[in-house]
2 protein chains.
Amino acid sequence: MANVDVVVVGAGVSGLVTADRVRAAGRTVVVLEARGRVGGRTLSEPVPPVGTDSEADPKPLAGLVVDSGAGWVAPDQTLLLAELERFGIATTPQVRPGDALMSMRGKSRRYTDAARSFDPVTTADIAQGMLRFSAAAEKVDVAAPWRGEHAARYDAQTFESWIRRTCLTGKGRDYFRLACEAVLATAPQNVSLLHVLFYAQSGGGLLHLLTTGGGAHDARVVGGMQQVAERLAEDLGQWVRLYEPVSTIMHDADGISVHSESGATTAHRVVVTVPPALASSIDYLPGLPQDRTLLTQRMPHGSVVKVHAVYRRPFWRDAALSGEIASDQGPTKVVFDTSPPDDAYGVLTVLVDGEDAVRLGSMDADRARDAVLRGLASHLGPKAMDPVGYLAKDWTAEEWTRGCYGAHLPPGAWTQVGSALRTPVGRIHWAGTETAERWCGYVDGAIASGERAAAEVLAALP
Amino acid sequence: MANVDVVVVGAGVSGLVTADRVRAAGRTVVVLEARGRVGGRTLSEPVPPVGTDSEADPKPLAGLVVDSGAGWVAPDQTLLLAELERFGIATTPQVRPGDALMSMRGKSRRYTDAARSFDPVTTADIAQGMLRFSAAAEKVDVAAPWRGEHAARYDAQTFESWIRRTCLTGKGRDYFRLACEAVLATAPQNVSLLHVLFYAQSGGGLLHLLTTGGGAHDARVVGGMQQVAERLAEDLGQWVRLYEPVSTIMHDADGISVHSESGATTAHRVVVTVPPALASSIDYLPGLPQDRTLLTQRMPHGSVVKVHAVYRRPFWRDAALSGEIASDQGPTKVVFDTSPPDDAYGVLTVLVDGEDAVRLGSMDADRARDAVLRGLASHLGPKAMDPVGYLAKDWTAEEWTRGCYGAHLPPGAWTQVGSALRTPVGRIHWAGTETAERWCGYVDGAIASGERAAAEVLAALP
């Protein structure tokens, strides 16, 4: 006799959506979560004030919550927008008045129109690169990237090889390198061209992923993205169990037995929703098929430190700057103004990606903060050196995540073993944003993956 | 109080050598091994007869032992040769009388001189490719591949990108692809050019790795390679503990506590000698530094099924064939005659590498055997269809190995996080053939890594 119909491993957005849909269909479910909180790679937090000893109960800045995890919503992320509407959670536009900054190879440029962020020659080079990229991406089958005429050729090379071959100017190359880091949190030499094409197409195109108004960074969630997971978990109540890291999944023709901190839970089906590196560290008895093992050995996670620097007010607006910065100088390569709607504080979000994140994560906290603030000051002036609040979240250091935004595929993996990504193994099903066809790597993709996995297990239940 | 001075995780050759050297210096050591045997990726086995039910106690072929794991010795593998001499273990030359076969794009060619294995145009193309490869490899610092003038450029591309750019003929390209599969057990699109250059240079050059007489396949071990591990383990006696998979390593300024099946063992230092994918599935408390975590997420293992087909006699010699085959048609792309010195049987060893291994591993045993025997028959005639013994070892399916010959690095990994490969983390030291500067991926490299790790811990012990 099974304890429940379905066990879900992981209480991130994909796991909670899986459980929500299974329960809505009248089936029983339990969610086992390793951490003491729900939300996975969404995490909405207060910001501690600067200069206080963290040991001595620092009072967080009043009324302020920032997203140390996923933070933005695109207008075409219909699944995420539907969840936000269901729970009555509001969004606020990302676009701010004033000029953005583009700083490359020692030259800084102010612009409002993104098409004028570079000199005409660089702009032309980026445009022809973007055109070629989009033409190739349009041909990728996001449901099965290993298919298609050029899949093998695209998957045999790194994105860096494509950049060197395609771009004619140094700044053009640097632009695509920065785009790769900003979108995948890893350097272009680490990733298959096919994977970048898939990932961009999965989210509506590379330009769409890099755009604020109307694009992937169109809006933010008032009160924080983690609310989605928290509200889903509230509805599930006792069926979400925290502090229950899963060590072993036993599976055979009769059922499933999932072993966690407090013992074994039996079920008809299990949905594993944790990221690939964590999924592969669970013991499966019997072991998984080779293509699955080979795939998870080849899905490293990106590296991100997400930093929030909070100021008394958004002082950069005095200089008619929007707070949006793109730069080739780490650690402050990608910056957004994420001040709350009432401008009670001025908030800058710094996305420190890839090698910069690894470097920052290896510094002690004071040196790391100094490096970030100096970076901000180089763009916005000395006032950036004096925040009233500061918070840095290093996702690679998280035992139950091991790197953000998600996992990426090096050359060869998609075409050789990519079909194992979503294929159930007996009674074991796979979810998580990495398994999504649309908005892979985003919250919307996490929801899509949960809905798909729920449909799979519901169809298979006795 | 520590139980012992040093705990070694893994009783493969590197672990046993580590323990042997620590003990020789008068220190105490215990080796914890997950399997019920020693030897790791060396495994010398009898061959079951064909056609008997494995349930019904099949008597193995009398007097025959084959190496299902590492099997060859090169004349410049001085560390391995020294261990063989220490234990009085003999070797026998690999080279056989008769012609070798090279079969590419539907054309088969007999040759004795390797320089004549192709038509003159293909030979010239391979020669210019080999020259360019060697010139680049010579510049790689095997002690620190991330250093050096061109390291970043070599590490930004796949070996497949190099092949397409360098070779002028289709057969030339196929030759280097086959070389990659044969040497690294993975396709050239999976691996960084820098890694292939390093790996080849580490073993004395690509041509050296592909050569029988005088090269990496110069000789075999009479009685089997696993004897090295078995004799080392005999000397260590009770200090080698089998069936003790290590789950957790706790470490702090005071010492180490290694948790395995039977409980905790405390020590001053621990040497983890298991392959990267296994090392990363151990829980470390506190967690490892980011660069180490990022590295092991990016060290997938190769895929190999090593097959032995045994015949009443080496019938191919009747046609003046040596039994050595190179082909572009899987699963029998790489074949050697490994008959015992007295020719009591005719034995063919088939190395099924990379995607061919994954494909073979996913078939049921009968279909897989049929595919291999048909491949042999296509080169050696219909007699190959009737072996008296047959044994296939799929290393990816081994829970305590997860792929052979070793781990490889995709683009970007060496230059970004390669320095974490050997760097101790507090009281935790790393060994295993993947950590070797010389003969990385070979038994000789495993010995070298054990000697280095032993020297590290001996210097650090109180």
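This report covers the overall build of chain A, a run of three paired strands in it, and one buried residue of chain B. The model is predicted.

**Chain A as a whole**

Chain A holds 15 helices and 21 strands. Its radius of gyration is 22 Å, close to the 23 Å that the globule rule gives for 462 residues, so chain A is as compact as a globular protein of that length. The C-alpha trace spans about 70 × 55 × 40 Å along its principal axes.

Of the 462 residues, 62% count as buried. Contacts often reach far along the sequence: among those between residues at least 6 apart, 74% join residues at least 24 apart.

The exposed surface of chain A comes to about 17,300 Å². Carbon and sulfur atoms supply 52% of that area. Chain A carries 45 positive and 53 negative side chains. The centres of these two sets lie 5 Å apart.

**Strands E11, E12 and E13 of chain A**

Strand E12 covers residues 256–260 of chain A. It pairs with E11(A) through five bridges and with E13(A) through five bridges. Both pairings are set out below.

| Pair in chain A | Residues of the partner strand | Bridges | Direction |
|---|---|---|---|
| E11(A) and E12(A) | E11: 246–251 | five bridges | antiparallel |
| E12(A) and E13(A) | E13: 263–267 | five bridges | antiparallel |

Each pairing is also a hairpin. Four residues lie between E11(A) and E12(A). Two residues link E12(A) to E13(A).

Single residue pairs show the register. On the E11 side, A:Thr248 has A:His259 of E12(A) as its bridge partner. On the E13 side, A:Ser260 stands opposite A:Gly263.

How much of E12(A) is buried? Four of its five residues are, so the strand is largely enclosed by the rest of the structure. In a regular strand, side chains alternate between the two faces of the sheet.

**B:Ala453 in chain B**

B:Ala453 sits in helix H15 of chain B, which runs over residues 443–460. Is this residue buried or exposed? B:Ala453 is buried, because its relative accessible area is 0%, and the cut-off for buried is under 20%.

Which residues does B:Ala453 touch, leaving out those up to four places away in sequence? They are B:Thr18, B:Val271, B:Trp430 and B:Ala431.

B:Thr212 offers a distance marker. It is 241 residues from B:Ala453 along the chain. The C-alpha atoms of B:Thr212 and B:Ala453 are separated by 31 Å.

Key:
Residues numbered from 1 in each chain as written. Chains lettered and ligands numbered in written order. Predicted model: local features only at pLDDT ≥ 70, side-chain atom pairs only at ≥ 80, totals over all residues. Heavy atoms only, no water. Rg over C-alpha atoms; globule rule 2.2 N^0.38 Å. Buried < 20%, exposed > 50% of the residue type's maximum accessible area, 1.4 Å probe, protein only. Contact = heavy atoms within 4.5 Å. Areas by Shrake-Rupley, 256 points an atom, 1.4 Å probe, with all protein chains shown as cover. Lys, Arg positive; Asp, Glu negative; His and termini not counted. Charge placed at Lys NZ, Arg CZ, Asp CG, Glu CD. Pairing = 2+ DSSP bridges.
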